[in-house]
Amino acid sequence: RVGMIVQLGEKYNLPLKTSFSTSRGFFILLSCEGASFPNGQLPSEFMKVTVLKNTYNFTTADLIKMNERCQESLREIYHMTYLVVCKLLAEIYKHIHCLYKLSDAVSMLDMLLSFAHVCTLSDYVRPEFTDTLAIKQGCHPILEKISMEKPVANNTYISDENNFIIVTGPNMSGKS
């Protein structure tokens, strides 16, 4: 491609450059400044000539053929990729249940690791699971981390007899 453009530049004594756009493919650029043409016109070999700002954009028959070959090769690559991906997905579908189990195990491990990490950085204690829920000096863990001042701690007691609580108070009084 580049050799062809260099040959054209030498043939017509023009400073030609190559460019690419997704809509046109490869094309040739020629700056209007300092370019002199025989008979004041571009050679007839140059096709689809457009002028943008101070630049001529054009192509040649050989460059059009090369762009078509590139497009055909690209379509073939896309088709081959599609076939490989379809084959891979068909193989994966056979084992999808294992992937679901694996993702469940990894997510559980991640959650437990996150809990363990948070516990080592904070003064959290391991809860005791009984018929009642008793929280002494409890604070919302996120508020505890992001608040400038230490949040107001509250005691909470819930059992079968006392299973409904209404928490009231002014703003910023520790209801979280």
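Which element supplies the largest share of the lining of the largest pocket? In this predicted model, local features require pLDDT of at least 70 and side-chain atom pairs pLDDT 80 or more, while totals for chains, interfaces and linings use all residues. Residues are numbered from 1 along each chain as its sequence is written, and side-chain values use heavy atoms, without hydrogens or water.

The largest share of that lining, six residues, comes from β5. The pocket (an open set of points on a 1 Å grid over the protein atoms alone, where a 1.4 Å probe fits, with protein on both sides within 12 Å along at least five of seven lines) holds about 1,500 Å³ of space. Of its 44 lining residues, Ile135, Gln137, Gly138, Cys139 and His140 are the closest to its centre; lining residues have an atom within 4 Å of a point. At least two lining residues each come from α3 (96-121), β5 (133-138), α4 (141-146) and β6 (154-158). By class, the lining comprises 20 nonpolar, 15 polar and nine charged residues.

The largest nonpolar core (buried nonpolar residues joined through side-chain atoms within 4.5 Å) has 14 residues. Among those with the most contacts inside this core are Leu16, Ile28, Phe46 and Phe58. At least two core residues each are supplied by α1 (2-12), β2 (25-31), β4 (55-59) and α2 (61-94). Beyond four places away in sequence, Leu16 touches residues including Ile5, Leu8, Ile28 and Phe58, contact meaning heavy atoms within 4.5 Å.

In α2, the buried residues (under 20% relative accessible area, 1.4 Å probe, protein chains only) are Leu63, Met66 and Asn67. The end C-alpha atoms of α2 are 50 Å apart, which agrees with the 50 Å expected for 34 residues at 1.5 Å a residue.

Methods: Points joined across faces, edges and corners; volume = space filled by probe spheres on them. Helix = DSSP H or I, 4+ residues; strand = E, 2+ residues; numbered from the N terminus. Nonpolar A, V, L, I, M, F, W, Y, C, P; charged D, E, K, R; others polar. Buried < 20%, exposed > 50% of the residue type's maximum accessible area, 1.4 Å probe, protein only. Expected span 1.5 Å × (residues − 1).
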